[in-house]
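Dear colleague,

I am handing over the structure below, and I would be grateful if you could read the notes that follow with the model open beside them.

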Amino acid sequence: MIIILGYCALMAGQVQSIESIDKAQQVFNKTCKEKHSLNADLEEAQQLMPLLYSLVVEQKLYRDTELNLQRLARKCGVPSRRVSKAVNILTKQNVSQWVNEQRIQSACELLKNSEKNITLIMQDVGFITKSNFNREFKRVTGDSPSQWRKKQAG
């Protein structure tokens with residue numbers, strides 16, 4: 001009887017080991033699939049970003065006050081989720097933050113190289129409300145537009 005119980009315990013241990021191995025293999029396979037998916041996402045993002053940059057920055061699409069993820073995706077001819085994923089992967093920002101950063105960079109150029117009124121600059125770079133412009137400007141530069149302009153002049 002003891003021998004039979006010992007054998008049963010031994011077999012139960014082997015079954016548990018096999019289950020552990022199967023579980024480890026499943027985790028490994030899932031990790032490999034996720035890594036492959038991340039590599040594919042990165043490659044796709046790197047292919048799409050030059051087009052996004054060309055449209056938003058070089059062609060100054062950021063000036064469009066109606067610009068949003070769906071509109072940008074239509075301009076690129078790809079689904080909005082691909083645009084969103086590409087921007088997020090490569091910039092660690094969402095599309096709105098990335099577009100606003102481009103707007104702020106343009107606003108900085110105008111603030112530095114012109115005497116133009118801040119409100120006009122805000123409108124020129126695609127912002128509708130002063131509160132959103134000021135909030136985004138401070139997020140990107142750490143200063144308000146008027147503070148930033150003064151620092152550049154002084």
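The largest pocket of this predicted model has 13 lining residues, and those that lie nearest its centre are Thr65, Leu67, Ser96, Asn100 and Arg103. About 190 Å³ of space lies within this pocket, and the element that gives the most to its lining is H4, which supplies five residues.

Turning to the interior, the largest nonpolar core holds 32 residues, among which Leu52, Leu72, Val83, Phe133 and Phe137 touch the most other members. At least two residues of this core come from each of helix H1 (2-58), helix H2 (69-76), helix H3 (80-91), helix H4 (95-113), helix H5 (118-124) and helix H6 (130-141). If residues up to four places away in sequence are left aside, Leu72 touches Leu52, Val56, Leu61, Leu67, Val83 and Val95; Leu67, for its part, is also one of the residues nearest the centre of the largest pocket.

Helix H2 may deserve a separate look. Leu72, Ala73 and Cys76 are buried in H2, and, seen down the axis of the helix, the buried residues of H2 fall within an arc of 100°, so they line one face of it. At the start of H2, a side-chain oxygen of Asn68 comes to within 3.2 Å of the backbone nitrogen of Gln70, while the residue that follows H2 is Gly77, with a positive phi near 75°.

With kind regards

Definitions and conventions: Residues are numbered from 1 along each chain as its sequence is written. This is a predicted model: local features need pLDDT of at least 70, side-chain atom pairs count only at pLDDT 80 or more; totals for chains, interfaces and linings use all residues. Side-chain values use heavy atoms; hydrogens and water are left out. A nonpolar core is a set of buried Ala, Val, Leu, Ile, Met, Phe, Trp, Tyr and Cys residues joined through side-chain atoms within 4.5 Å. Buried means under 20% relative accessible area, exposed over 50%, partly exposed in between (1.4 Å probe, protein chains only). Helices (H or I, at least four residues) and strands (E, at least two) are DSSP runs, numbered from the N terminus. Contact means heavy atoms within 4.5 Å. The arc is that of the directions from the helix axis to the C-beta atoms. A polar contact is a pair of N or O atoms within 3.5 Å; within protein, one must be able to donate a hydrogen and the other to accept it, and residues adjacent in sequence count only if both atoms are side-chain atoms. On a 1 Å grid over the protein atoms alone, a cavity is a set of points where a 1.4 Å probe fits but cannot get out, and a pocket is an open set with protein on both sides within 12 Å along at least five of seven lines; lining residues have an atom within 4 Å of a point. Grid points are joined across faces, edges and corners, and a volume is the space filled by probe spheres set on the points.
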